[in-house]
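This report walks through one region of a single chain. The focus is on how neighbouring helices meet and on a few residues at their contacts.

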Amino acid sequence: MNCQLCHKASASYHEGKLSDDMKNQVDDHLEICNGCREQYNTETLAYRIIIEERETPFNPFLSTRIMAQIENLESEKTKTSPLLEKLLKPVLITGFLCIALFSGVTIGNLYNSDGYRESIPEELALINDATIESVDLLLNE
């Protein structure tokens, strides 16, 4: 048996699915070849770890406890005091609205103060736009 055939048969060898003749050939090759023996030992260790992992008991409450701790951490981050939530927040919003309104009125009054107003000529104030004739009527004469 050569190394290639030994590598191909190694999975079946570990699972015990080889015929007796083939199993004897793999055993003989493993006694002779150091590289295949090292690979066989590594695969045996890997299979042993996989079997131990399969046999590890499942704790159904572990995930529940972990999720509960995560939710507690998230709720602590978002939790604020009732004073801030019920009293301070509406007061601040109302205060900022009053400041914005006052600022708008003040700025508007600066531009409409007496120094900036121009008096409207009396002729313009008395014009009634509804009585102005259309330009088209003047052109059609």
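## Helix contacts near the N terminus

D27 lies in helix α2. The model is predicted. D27 is partly exposed, with a relative accessible area of 23%. Its C-alpha atom sits 9.5 Å from that of R37, 10 residues away along the chain. D27 is also one of the α2 residues that meet α1.

**The chain as a whole.** The secondary structure comes to seven helices and zero strands. Along the sequence the pattern reads α-α-α-α-α-α-α. The chain has 141 residues, and 7% of them count as buried. Among contacts with a separation of 6 or more, 49% join residues 24 or more positions apart.

**α1 against α2.** Two packed helices are described by the angle between their axes and the distance between the axes. Helix α1 spans residues 3-15, and helix α2 spans residues 20-32. They pack at an angle of about 120°, with their axes 10 Å apart. An angle of this kind falls outside the 65 to 115 degree range for roughly perpendicular and is not over 145, so α1 is oblique to α2. The crossing of α1 past α2 is left-handed. From α1, the contact takes in C3, C6, A9 and Y13. From α2 come M22, K23, V26, D27, H29 and L30. By class, this contact of α1 with α2 has seven nonpolar, one polar and two charged residues.

**α2 against α3.** Helix α3 covers residues 34-55. α2 and α3 pack at an angle of about 110°, with their axes 6 Å apart. That angle makes α2 roughly perpendicular to α3. On the α2 side, the contact residues are H29, L30, E31 and I32. On the α3 side they are N34, C36, R37 and Y40. The contact of α2 with α3 divides into four nonpolar, two polar and two charged residues.

The two helix pairs are set side by side here.

| Helix pair | Angle between axes | Distance between axes |
|---|---|---|
| α1 and α2 | about 120° | 10 Å |
| α2 and α3 | about 110° | 6 Å |

**H29.** Which helix holds H29? H29 is placed in α2. H29 meets residues of α1, and H29 also meets residues of α3. Is H29 buried or exposed? H29 is buried, with a relative accessible area of 9%. Leaving out residues up to four places away in sequence, H29 touches M1, N2, C3, C6 and C36. Three cysteines, C3, C6 and C36, are thus on that list.

**The cysteines.** How many disulfides does the model hold? The count comes to zero disulfides. C3 is in no disulfide. The nearest cysteine sulfur to C3 is that of C36, 3.5 Å away. A disulfide needs the two sulfur atoms within 2.5 Å, so the C3 to C36 distance of 3.5 Å does not qualify. C3 is partly exposed, at a relative accessible area of 34%. C6 is in no disulfide either. For C6, the nearest cysteine sulfur is again that of C36, at 4.3 Å. C6 counts as buried, at 4% relative accessibility.

**Drawing it together.** C3 and C6 belong to the α1 side of the contact with α2. C36 belongs to the α3 side of the contact with α2. H29 touches C3, C6 and C36, among others.

Definitions and conventions: Residues numbered from 1 in each chain as written. Predicted model: local features only at pLDDT ≥ 70, side-chain atom pairs only at ≥ 80, totals over all residues. Heavy atoms only, no water. Axes fitted to C-alpha atoms, helices over the stretch in contact; angles between N-to-C directions. Helix = DSSP H or I, 4+ residues; strand = E, 2+ residues; numbered from the N terminus. Parallel < 35°, antiparallel > 145°, perpendicular 65-115°, else oblique. Left-handed = near helix turned anticlockwise from the far one by under 90°. Contact = heavy atoms within 4.5 Å. Nonpolar A, V, L, I, M, F, W, Y, C, P; charged D, E, K, R; others polar. Buried < 20%, exposed > 50% of the residue type's maximum accessible area, 1.4 Å probe, protein only.
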